[in-house]
Amino acid sequence: MKSFIRCCALLCCTAMMMTGAGCSVLEAFMGNKPEPTQPPEEQIPVKMVWEVPEEIVLVADNAAYGSAPCEWKVYADEKDVSDQVTVSVEDTAVAAFENGVATAVGRGNTFLTVSYESETKKIPVYVLGAQEGYDLSDSKSVRTFGRTYMEDGTLCIPNVASGFEVSFIGTSLQANLSAIAPTLTGTVKVYVDGEFTKYLNYPADFDRVDLCKDLEEGFHTVKVLKMTEQGYLRVRLSELKTDGTALTAFPSSDLRFEFYGDSITSGFGNLGITSQFKECEDGTQTYATMLGEYFGADCDMISYAGVPACLPVDHSHLLMGQFFDKVDAASNLPYDFEANPVDLVVINLGTNDAGSAEKTVSNMAEGYADLLRSIRAKRPGVPILCVYGMMGVDGDIDAGINRAIDDVLSEGETDIYYLWLFSDTSGYKGHPKVAVGHTNAFEEMKTYILDRNLLEK
């Protein structure tokens with residue numbers, strides 16, 4: 001019986017060697033070891049280089065600007081594959097593409113898609129159209145930036161880094177600019193075809209002004225942005241006139257950011273240490289506008305020098321909670337949040353709260369949490385990034401912000417974040433400079449936004 005058991009065990013072992021894992025044992029014993037299985041080769045992605053236009057601008061029903069040749073070079077792993085790409089138009093009611101030429105079909109916006117195998121590159125195409133002058137109340141006629149409003153047929157531009165942009169075919173563009181009372185002094189900046197050209201200082205340079213003149217006859221775009229914050233200058237635009245053909249406006253960006261802040265966000269002191277506003281403050285060169293430019297987003301700047309988040313201070317009659325939902329602090333006009341959706345909210349407040357006689361961790365936490373709840377109610381589902389520290393950190397304020405965020409998150413809210421920012425007091429009255437504090441804060445925030453995919457929420 002014992003020998004039978006041993007024999008069965010031997011037969012079972014042999015069967016195991018003849019099948020499955022045991023097969024390799026038998027083959028090794030017999031001297032026929034198979035070649036080891038090679039792992040599949042890793043697919044290395046093709047390195048693409050696209051030398052294509054950033055955008056294509058056409059004018060409908062215009063002989064000179066109704067079409068444009070499109071030249072590009074496309075490289076795959078350093079090999080020129082330009083003659084192998086295919087091109088398609090997303091909306092053929094707006095533009096067509098044939099024999100290397102893009103042609104306007106109708107007003108609107110679309111994309112040219114350049115494809116090589118599975119790789120693609122999209123090129124925005126804008127088709128503008130002629131119009132009878134500029135309608136300041138129509139976003140299709142005049143593109144606006146920031147929170148603005150219409151009053152008595154005029155476009156009112158109260159907030160820092162807010163303004164307008166128009167296009168035309170001709171050589172010059174004039175504007176009627178004035179100030180909305182109450183006002184002190186301030187400056188706007190003029191850009192022609194994407195390049196800064198001049199300052200307009202109030203009151204010396206206001207009234208009927210040449211935004212540009214004696215340009216080469218052709219297609220031009222003019223942008224005007226207010227570099228001074230709302231507490232010192234609020235601008236009124238009553239008329240725009242060109243010597244040529246007025247065109248419809250470029251559309252607003254698909255991406256939009258909303259900033260709530262104080263003098264830091266307004267850009268106060270960011271140019272140097274003089275008290276003259278043109279040399280001292282430029283709200284178009286802040287961490288906020290740098291973020292907008294980097295991500296291609298339009299920016300709404302709701303900021304006021306001296307304003308605290310929630311604690312009363314002697315140097316300000318305002319709290320952010322009193323005007324965050326208004327077009328601006330002075331007009332007291334309600335802001336239409338539903339008509340103006342955003343993709344990211346940034347709150348940069350707390351520096352002025354540090355000077356409050358009522359400063360405690362509890363008071364800061366309670367007030368900041370109320371502000372967070374109010375903003376969240378207007379911006380449901382939008383990521384809120386709270387930042388602090390560009391002029392130094394107060395321990396009670398920092399602890400209060402942290403507690404406020406924790407309290408609101410504990411109520412079931414999500415997507416509220418907190419980030420300390422680089423501190424710099426080398427500008428006027430201890431404010432951050434463009435090249436130091438604002439640039440570093442921009443880099444920190446850009447990295448934070450990208451690392452946490454905040455714009456994918």
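Here are two short exercises on a helix pair and a small sheet in this predicted model.

Residue numbers start from 1 along each chain as its sequence is written, and side-chain values use heavy atoms, with hydrogens and water left out. Local features need pLDDT of at least 70, side-chain atom pairs count only at pLDDT 80 or more, and totals for chains, interfaces and linings use all residues.

**Exercise 1.** Work out how α6 and α7 pack.

*Step 1.* Find the helices, which are DSSP runs of H or I with at least four residues: α6 covers residues 361-378 and α7 covers residues 395-410.

*Step 2.* Take the geometry: the angle is about 45° and the axes are 7 Å apart. Axes are lines fitted to C-alpha atoms over the stretch in contact, and angles run from 0 to 180 degrees between N-to-C directions.

*Step 3.* Name the arrangement: α6 and α7 are therefore oblique (not under 35 degrees, over 145, or 65 to 115).

*Step 4.* List who touches whom, with contact meaning heavy atoms within 4.5 Å. On the α6 side you'll find Y368 and L372, among others, and they belong to a set that meets α7 residues including I401 and I405.

**Exercise 2.** Lay out the open sheet of 3 strands.

*Step 1.* Strands are DSSP runs of E with at least two residues, and the order here is β3-β8-β7, with antiparallel pairing.

*Step 2.* Check the edges: β3 (67-69) and β7 (95-98) each have a single partner strand, so one side of each lacks a neighbour in the sheet.

*Step 3.* Zoom in on one pair: β7 and β8 (residues 101-104) share 4 bridges, where pairing takes at least two DSSP bridges. A96 sits opposite T103 in β8.
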